[in-house]
Amino acid sequence: MPDEHNITYPYIIDFIRGQIAPTSGILAQMEKYAQKCGVPIADPETAELLKLLCLLSKPLRVLEIGTAIGYSAIFMVQYLPAGAKVTTIERDADMAQTARQNITDAGLTGRIDLLEADAQVLLPVLDGEYDMIFLDAAKAHYIHFLPDCIRLLRPRGLLVSDNVLYGGMVASRSLLNRRKITIVKRLQKYVHAICHTPDLASTILPVGDGVALSYKI
Ligand SMILES: C[S@@+](CC[C@H](N)C(=O)[O-])C[C@H]1O[C@@H](n2cnc3c(N)ncnc32)[C@H](O)[C@@H]1O
């Protein structure tokens, strides 16, 4: 995993995390499971940002690309307006099965729709309009997902992309791990694209592993 300590200072991360109320119930159990099994889930400060974005933009239809065990989907639902739904895509069968169980245990089957598929195959044929998209799947494919994300996002909708600084490697060659060079180059292309696409107004926040916010104009 990329090192989030290369994004900001450890004492800043500790301070920010110190302000976040711990989760309870199924989310707390999922955090423990994720830690034990090495499943990457949203950092606490990234989850807090998602919470704020959900409360501010009140999306009725959220698309998540990259479910893992369902942590961020279950987390976000708590802060969505009544009747809002999350559609989430996961390609790994074991992850999808665990997510399905977690969604059932959380009593959220009516609010979270899990699509077990490869987003590279599914996104081009997905219809509908989403108010918010949370992009959190294979980082090397963000650049390939972008045209469909823009198409699926309604005007004035929000695209939230996680891990865009990728342990700082996207911003500094000195941090580069040679084995990650393809991912880093594609993420650099992605960041350039979201910052230079006339359809989007984007900003990059050094939160968690780097979060990009892109507003569809
Ligand atoms: C970082 S994890 C998602 C974490 C989750 N959003 C959370 O915060 O709880 C990324 C997930 O995306 C899935 N994934 C990667 N590439 C994908 C693709 N092309 N289509 C669907 N899922 C994909 C992986 O299997 C993995 O479970």
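Start at the ligand and select Ala 119: one of its polar backbone atoms sits 2.8 Å from a ligand nitrogen, a polar contact in the sense used here (a pair of N or O atoms within 3.5 Å; within protein, one must be able to donate a hydrogen and the other to accept it, and residues adjacent in sequence count only if both atoms are side-chain atoms). Before going on, note that this is a predicted model, in which local features need pLDDT of at least 70 and side-chain atom pairs count only at pLDDT 80 or more, while totals for chains, interfaces and linings use all residues. Residues are numbered from 1 along each chain as its sequence is written, and side-chain values use heavy atoms, with hydrogens and water left out.

Next, pick Ser 72, where a polar side-chain atom lies 2.9 Å from a nitrogen atom of the ligand. Then add Glu 90: an N or O atom in its side chain is 2.6 Å from a ligand oxygen. Now show the whole surroundings of the ligand, which come to 22 residues, counting those with a heavy atom within 4 Å of it. Gly 66 and Asp 136 are among the closest.

Now switch to cartoon view for the sheet. Helices (H or I, at least four residues) and strands (E, at least two) are DSSP runs numbered from the N terminus, and two strands pair if DSSP finds at least two bridges between them. You should find seven strands in an open, mixed sheet, ordered 3-2-1-4-5-7-6. Which strands stand at the edges? Strand 3 (112–116) and strand 6 (200–205) do, and each has a single partner strand, so one side of each is left without a neighbour in the sheet.

Zoom in on strand 6 and its antiparallel partner, strand 7 (residues 211–216), joined by six bridges. Leu 205 has Val 211 of strand 7 as its bridge partner.

Then colour helix 5 (residues 93–105), which lies across strand 2 (85–90) and strand 3 and runs at about 165° to strand 3. Contact here means heavy atoms within 4.5 Å; axes are lines fitted to C-alpha atoms, for helices over the stretch in contact, with angles from 0 to 180 degrees between N-to-C directions.

Finish with the cysteines. The structure has zero disulfides, meaning pairs of cysteine sulfur atoms within 2.5 Å. For Cys 54, the nearest cysteine sulfur belongs to Cys 149, 16 Å away.
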